[in-house]
Amino acid sequence: MRARTIGKTLRTPVTGITLGLALLAVPATAVATAAPGPQAPAAAQAPRPGATIPFAARAAKGLDDPAKKEIAMKLVSSAENSSLDWKAQYGYIEDIKDGRGYTGGIIGFTSGTHDMLELVELYTQRKPGNVLAKYLPALRKVDGTDSHAGLDPNYTKDWKKAAQDPVFQQAQNDERDRVYFNPAVKQGKADGIGVLGQFAYYDAIVMHGDGSDKASFSNIRKRALAKAKTPAQGGDEKTYLNAFLDARVWAMKQEEAHEDTSRVDTAQRVFLKKGNLNLDPPLDWKVYGDSYHIGE
């Protein structure tokens, strides 16, 4: 059972989370600094004694490192499913009465916010005639609403059946990466923040989606940028991440379903206070009062 809903904005097509947001409010020079260039000789890359290490060279790994990505999946699952077993959530589906219709799968795809529709479309492209394909007309009609019209009574049963299919599982993985994970990591790297910061971006996009509303990821980031500079702009990473988490808490409090901010307060903020910018295990945190641990 999910502990909380994923609060993507209604009627915000998931395609609205574009790779172009990596340029938002970041000076062109900063983006140029962050972009990978030709490989320099090893001697040329070694910093001078006492020299400040450029932000692009600070973190050995990004959140897209397989081990770090696995940690990210577990952290999100602890908040969304009260479990570290994120792979057990492919078949999860229910209406949690948040105005977004059905919520299902590993990242909380919802029938009311377009991303569930795109997921089933992708699944059907890869496996025509699958058990969910017949619901596509209904999913298009209910998109942007909390309606179950054309989905009940068998949609949830068929979703769980589809979840046993490796093709559907892979479609969930790929849509998660395309819509949420990859844009978050790309933006985080452009901003010069490390693994923890990239995770903070990912968790924010997962919950809030992106769009024009004040609580969207882009506007959370804008709110943070009004208070602090990113490392890519010459700012201090911890200072910027604190500003971002402050903005995230503000955004969460704009909706009753997200008023419990422990996924920030007793999780991400804990790692930040400890200076664990690389999300290195062991990790200990709490969400909604429940304790979690990832060992070394």
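Begin by selecting Ser-262, which is buried because its relative accessibility is 11%, below the 20% limit for that class. The model on display is a predicted one. Ser-262 belongs to helix H11, which covers residues 262-273. Show side chains here: the side chain of Ser-262 forms a polar contact of 2.8 Å with the side chain of Asp-260. Then display the surroundings of Ser-262 beyond four places in sequence, where its contacts are Ala-267, Lys-286, Val-287 and Tyr-288.

**The hairpin of E4 and E5**

Lys-286 and Val-287, two of the contacts of Ser-262, lead to the next selection. Select residues 283-287, strand E4, together with residues 290-294, strand E5. The two strands run antiparallel and are joined by five bridges. Within this pair, Lys-286 is placed opposite Ser-291 of E5. E4 and E5 form a hairpin, with two residues separating the strands. Tyr-288 is in the turn and has a positive phi of about 55°; Tyr-288 is also among the residues that Ser-262 contacts.

Now move back along the chain to Pro-282, in the loop that links H11 to E4. Select Pro-281 with Pro-282 and inspect the peptide bond between them: the bond is cis, with omega near 5°.

**The whole chain**

Zoom out and colour by secondary structure. The chain contains 11 helices and five strands. Colouring by accessibility instead shows a chain of 296 residues in which 53% count as buried. The exposed area of the chain is about 13,000 Å², and carbon and sulfur atoms contribute 53% of that area. Among contacts with a separation of 6 or more, 65% are between residues 24 or more positions apart.

**The sheet of E1, E2 and E3**

Select the three strands of the open sheet, whose order is E1-E2-E3 and whose pairing is antiparallel. At its edges are strand E1 (93-95) and strand E3 (109-110), each of which pairs on one side only. Strand E2, residues 102-104, is joined to E3 by two bridges, and these strands run antiparallel. Label Thr-103 and Thr-110: Thr-103 stands opposite Thr-110, which is in E3.

Add helix H6, residues 155-162, to the selection. H6 packs on the sheet and touches E1 and E2. The direction of H6 makes about 155° with that of E1.

Which loop holds Pro-153? Pro-153 is placed in the loop between helix H5 (136-142) and H6. Select Asp-152 along with Pro-153 to see a cis peptide bond, with omega near 10°.

**Two residues with positive phi**

Select Lys-97 in the loop between E1 and E2. Lys-97 is not a glycine, yet its phi is positive, at about 60°. Is Lys-97 buried or exposed? With 69% relative accessibility, Lys-97 counts as exposed.

Next select Ser-82, in the loop from helix H3 (66-81) to E1. Ser-82 is likewise not a glycine and has a positive phi of about 55°. The relative accessible area of Ser-82 is 32%, so this residue is partly exposed.

**Helices H7 and H8**

Two packed helices are described by the angle between their axes and the distance between those axes. Select helix H7 (residues 166-190) and helix H8 (residues 195-208): their axes come within 8 Å and cross at roughly 140°. The crossing of H7 and H8 is right-handed. To view the residues that meet, show side chains on both helices. From H7, the set includes Arg-176, Val-179, Tyr-180 and Phe-181; from H8, it includes Gln-198, Tyr-201, Tyr-202 and Ile-205.

**From Tyr-201 to Ile-220**

Keep Tyr-201 selected and add Ile-220, which lies in helix H9 (residues 217-225). Tyr-201 and Ile-220 are 19 residues apart along the chain, and their C-alpha atoms are separated by 9.6 Å. Ile-220 is buried, as its relative accessible area is 1%. What does Ile-220 touch, not counting residues up to four places away in sequence? Display His-208, Ala-215, Phe-244, Ala-247, Arg-248 and Ala-251 to see these contacts of Ile-220.

Notes: Residues numbered from 1 in each chain as written. Predicted model: local features only at pLDDT ≥ 70, side-chain atom pairs only at ≥ 80, totals over all residues. Heavy atoms only, no water. Helix = DSSP H or I, 4+ residues; strand = E, 2+ residues; numbered from the N terminus. Buried < 20%, exposed > 50% of the residue type's maximum accessible area, 1.4 Å probe, protein only. Contact = heavy atoms within 4.5 Å. Areas by Shrake-Rupley, 256 points an atom, 1.4 Å probe, with all protein chains shown as cover. Polar contact = N/O pair within 3.5 Å; in protein donor to acceptor, adjacent residues only side chain to side chain. Pairing = 2+ DSSP bridges. Axes fitted to C-alpha atoms, helices over the stretch in contact; angles between N-to-C directions. Left-handed = near helix turned anticlockwise from the far one by under 90°.
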